[in-house]
Each structure stands twice: as structure tokens, then as C-alpha cells.
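Subject: Handing over the structure

Hello,

Here is the structure I said I would pass on. Please open it next to this message and read the two together.

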Amino acid sequence: EVDVYYQDFDHLVIWTCSKGFIAIEPWNGLPDAYNTNHKLEDKKSIDKIEPKTTKTYYHSIIFN
């Protein structure tokens, strides 16, 4: 059983690859789609902050 808390994130991404592991990652931004211009400022769901400011994100993954 796995409990995932990610209140500071917009998305919870679960993915795998040919290496056989499963990744559970909270994200504030999405990867490029095939029909995008690949510019960071145009990516969907990117969390932006003003220069010289900070923001703290919290998440936890607990394996029971």
C-alpha cells in the first residue's frame, strides 16, 4: 500500500519504462505534446513565480 500526499502540486504522474520500475511523481507542469512549440513559457500547467521570490512545495510518499 502506498499513500501519496501532494497538496502543492496540480498533477500526480504515474509512469513506467522498460527498466521495470514504477515512478510516482507530483508535477506542476506537463511534458510537451507532439503539437506544441516546446517553449517553457507556453507549457501547460507550469507553476510560475516572480524573480527573486521563493516557493516551497511539499509532498510525501509513504510505503505501508
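What follows is a short account of what was found in it.

The basics come first. This is a predicted model. The protein has 64 residues. It holds four strands and zero helices. Along the sequence the pattern reads β-β-β-β.

**Overall form**

The radius of gyration is 14 Å, whereas a compact globule of 64 residues would come out near 11 Å. Along the principal axes, the C-alpha atoms take up a box of roughly 40 × 30 × 15 Å. How much of the protein is buried? Buried residues account for 11% of the 64.

**Aromatic pairs**

There are two aromatic pairs. One joins Phe9 and Tyr57. Their ring centres lie 5.4 Å apart, and the planes meet at 35°. That angle makes the pair tilted, because planes under 30 degrees apart would count as stacked and those over 60 as edge-to-face. This pair links distant parts of the chain, with the two positions 48 residues apart. Phe9 sits in the loop between strand E1 (2–5) and strand E2 (11–16). Tyr57 sits in the loop between E3 and E4. Is Phe9 buried or exposed? Phe9 is buried, at 15% relative accessible area, because the cut-off for buried is under 20%. Tyr57, at 33%, is partly exposed.

The other pair is Trp15 with Phe21. It is edge-to-face: 5.5 Å from centre to centre, with 75° between the planes. Both partners are partly exposed, Trp15 at 31% relative accessible area and Phe21 at 38%.

**Salt bridges**

How many salt bridges does the structure hold? It holds two.

Lys43 pairs with Asp32 in one of them. The closest N and O atoms are 3.8 Å apart, so the pair falls inside the 4 Å limit for a salt bridge. The two residues are 11 apart in the chain, and the pair is counted as linking distant parts of it. Lys43 lies in the loop between strand E3 (22–27) and strand E4 (60–63). Asp32 lies in the loop between E3 and E4 as well. Lys43 is partly exposed, at 26% relative accessibility. Asp32 is also partly exposed, with 33%.

Lys55 and Asp47 form a salt bridge too, at 2.9 Å from N to O. Lys55 has a relative accessible area of 43% and counts as partly exposed. Asp47 is partly exposed at 28%.

**The largest pocket**

The largest pocket holds about 150 Å³ of space. Which residues line the largest pocket? They are Leu30, Pro31, Asp32, Ala33, Thr36, Asn37, His38, Lys39, Asp42, Lys43 and Lys44. By type, the lining splits into five charged, three polar and three nonpolar residues. Asp32 and Lys43 are part of this lining, and they are the partners in the 3.8 Å salt bridge.

**Where to look**

Start with Phe9 and Tyr57, the tilted pair. Then turn to Asp32 and Lys43, which share a salt bridge and appear in the pocket lining. Finish with Lys55 and Asp47, where the salt bridge is 2.9 Å from N to O.

Best wishes

Key:
Residues are numbered from 1 along each chain as its sequence is written. This is a predicted model: local features need pLDDT of at least 70, side-chain atom pairs count only at pLDDT 80 or more; totals for chains, interfaces and linings use all residues. Side-chain values use heavy atoms; hydrogens and water are left out. On a 1 Å grid over the protein atoms alone, a cavity is a set of points where a 1.4 Å probe fits but cannot get out, and a pocket is an open set with protein on both sides within 12 Å along at least five of seven lines; lining residues have an atom within 4 Å of a point. Grid points are joined across faces, edges and corners, and a volume is the space filled by probe spheres set on the points. Ala, Val, Leu, Ile, Met, Phe, Trp, Tyr, Cys and Pro count as nonpolar, Asp, Glu, Lys and Arg as charged, and the others, Gly among them, as polar. A salt bridge is a side-chain nitrogen of Lys or Arg within 4 Å of a carboxyl oxygen of Asp or Glu. Buried means under 20% relative accessible area, exposed over 50%, partly exposed in between (1.4 Å probe, protein chains only). Rings of Phe, Tyr and Trp (its six-membered ring) pair if their centres lie within 6.5 Å; planes under 30 degrees apart count as stacked, over 60 as edge-to-face and the rest as tilted. The radius of gyration is taken over C-alpha atoms; the globule rule is 2.2 Å times the number of residues to the power 0.38.
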